[in-house]
Amino acid sequence: MSKSARAACVVGWPVRHSRSPLIHGHWIKQYNLDAAYRREEIAPEAFADFIIRLAERGYVGANITIPHKEGALAMSEPDDRARAVGAANTLWYDSGRLLSTNTDVEGFTANLDACVPDWDKCAGDAVVLGAGGSARAVVYGLIERGIAKINVVNRTPERAAVLQARFGQAIQPANEAALPHLLARAALVVNTTSLGMTGQPPLAIDLAPLPRHAVVADLVYAPLETPLLAAARARGLATADGLGMLLHQAVRGFQLWFGVRPEVTPQLHALVETDLIK
Ligand code: NAP
């Protein structure tokens with residue numbers, strides 16, 4: 001790497017767990033670029049100063065992770081996606097202006113496109129389980145792709161109602177008791193809760209009522225094959241895993257910072273999968 005190399009980073013607190021350096025490092029090598037991607041562990045009280053001096057520190061942009069995504073939104077000029085989701089995870093400069101987006105939105109839909117082409121053409125509603133931060137990105141992605149009815153089921157019903165207030169009448173808050181009926185009419189089910197993640201309780205949901213053409217997506221990527229995805233595959237349903245979303249959400253930042261649109265390949269998927277089970 002030369003002194004004039006373009007550099008980006010992931011900013012978080014903590015940031016050790018982030019797989020972004022592995023993903024971007026793989027692409028930098030693959031495309032033989034004079035570039036660098038680093039971890040920056042920045043405490044909340046130091047975040048504003050870090051971002052104000054991002055370019056001075058030699059960065060052309062950054063990924064932002066917990067707990068700084070709202071702060072990054074406030075300190076940049078967000079696009080429609082970041083504004084709608086209420087959080088920014090990717091920053092870059094354009095003519096000296098610090099712009100931002102939320103790439104979880106396209107990460108979610110691009111992964112579905114790659115796993116199940118035409119998933120959005122199937123007749124039926126969507127069922128989104130969970131109403132936290134990632135549910136906002138998922139719901140916005142579904143709205144962008146024209147899904148007319150999105151049933152949101154969450155442990156805390158008030159949070160599903162907040163999503164409806166934010167995104168409009170396409171969102172239908174529903175309770176768990178209605179799931180069998182909702183699944184029978186669904187073309188897509190997405191788990192955005194942390195249930196099923198290593199160390200968390202499993203997601204207890206019976207997929208039997210789903211039609212045969214339904215697609216099941218899980219945002220959880222540790223383990224890669226969650227009990228939900230295993231149950232869907234056992235029923236012969238098409239699936240999209242959380243690691244695919246994580247990889248697809250990284251594409252846009254890399255392109256903005258380094259000028260190459262990278263590919264999400266089976267090799268990259270395997271590389272990160274191996275790292276996850278270490
Ligand atoms: P979050 O904002 O904290 O939301 C967590 C959601 O899970 C809420 O809806 C919460 O319900 C629900 N939940 C948690 N524990 C529960 C339990 N015991 N029973 C029922 N519901 C429960 O988290 P997030 O940022 O949305 O992330 C959620 C998951 O998505 C995490 O596993 C994260 O790693 C994953 N994720 C993956 C990607 C990717 O690229 N693949 C991107 C973002 C997130 P309440 O509202 O009732 O608390």
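Two strands count as paired if DSSP finds at least two bridges between them. With that in hand, start with an open sheet of 6 strands in this predicted model: its order is S2-S1-S3-S5-S6-S4, and its pairing is mixed. There's another open sheet of 6 strands, this one with parallel pairing, in the order S9-S8-S7-S10-S11-S12. Around these come helices, nonpolar cores and a few backbone oddities.

**The mixed sheet**

- Strand S2 (35-41) and strand S4 (77-78) sit at the edges, and each pairs on one side only.
- Strand S1 (residues 6-12) runs parallel to strand S3 (residues 59-64), and the two share 5 bridges.
- Within that pair, you'll find Ala 7 opposite Tyr 59 of S3.
- Helix H1 (residues 20-30) packs on this sheet and touches S1, S2 and S3. The direction of H1 makes about 170° with that of S2.

**The parallel sheet**

- Here the edges belong to strand S9 (171-174) and strand S12 (238-240). Each has a single partner strand, so one side of each has no neighbour in the sheet.
- From one strand to the next, the twist averages 20°.
- Strand S8 (residues 150-153) pairs with S9 in the parallel sense, over 4 bridges. Look for Asn 151 standing opposite Gln 172 in S9.
- Helix H7 (residues 157-167) packs on the sheet, where it touches S8 and S9, and its direction is at about 170° to that of S9.
- Helix H9 (residues 227-234) lies across three strands: S10 (186-191), S11 (215-218) and S12. H9 runs at about 165° to S11.

**The nonpolar cores**

- In soluble globular proteins, nonpolar side chains tend to be buried together.
- The largest nonpolar core has 31 residues, and the ones touching the most other members are Phe 108, Leu 142, Ile 150 and Val 152.
- Several elements each supply at least two residues of this core, including helix H4 (80-85), helix H5 (104-115), strand S7 (125-129) and helix H6 (133-144). H6 gives the most, with 6 residues.
- Leaving aside neighbours within four places in sequence, Leu 142 is in contact with Phe 108, Trp 119, Ala 126, Val 128, Ile 147, Ile 150 and Leu 188.
- Another core, of 23 residues, lies apart from that one, and Tyr 37, Trp 92, Leu 243 and Val 272 are among its members.

**Two helices that cross**

- The axes of helix H10 (residues 242-258) and helix H11 (residues 266-276) come within 11 Å and cross at roughly 115°. The crossing is right-handed.
- On the H10 side, the contact is made by Leu 243, Gly 244 and Leu 247. H11 brings Leu 268, His 269, Val 272, Glu 273 and Leu 276.
- Sorted by class, that contact has 5 nonpolar, 2 polar and 1 charged residues.

**Backbone oddities in the loops**

- The peptide bond from Trp 13 to Pro 14 is cis, with omega near 0°. Pro 14 is in the loop between S1 and H1.
- Another cis peptide bond goes from Ala 222 to Pro 223, with omega near 10°. Pro 223 is found in the loop between S11 and H9.
- Ser 95 isn't a glycine, yet it has a positive phi of about 50°. Ser 95 lies in the loop between strand S5 (90-94) and strand S6 (97-101), and at 74% relative accessibility it counts as exposed.
- Asp 118, not a glycine either, has a positive phi of about 70°. Its place is in the loop between H5 and S7.

Key
Residues are numbered from 1 along each chain as its sequence is written. This is a predicted model: local features need pLDDT of at least 70, side-chain atom pairs count only at pLDDT 80 or more; totals for chains, interfaces and linings use all residues. Side-chain values use heavy atoms; hydrogens and water are left out. Axes are lines fitted to C-alpha atoms, for helices over the stretch in contact, and angles run from 0 to 180 degrees between N-to-C directions. Contact means heavy atoms within 4.5 Å. A nonpolar core is a set of buried Ala, Val, Leu, Ile, Met, Phe, Trp, Tyr and Cys residues joined through side-chain atoms within 4.5 Å. Buried means under 20% relative accessible area, exposed over 50%, partly exposed in between (1.4 Å probe, protein chains only). A crossing is left-handed if the near helix is turned anticlockwise from the far one by less than a right angle, and right-handed if clockwise. Ala, Val, Leu, Ile, Met, Phe, Trp, Tyr, Cys and Pro count as nonpolar, Asp, Glu, Lys and Arg as charged, and the others, Gly among them, as polar.
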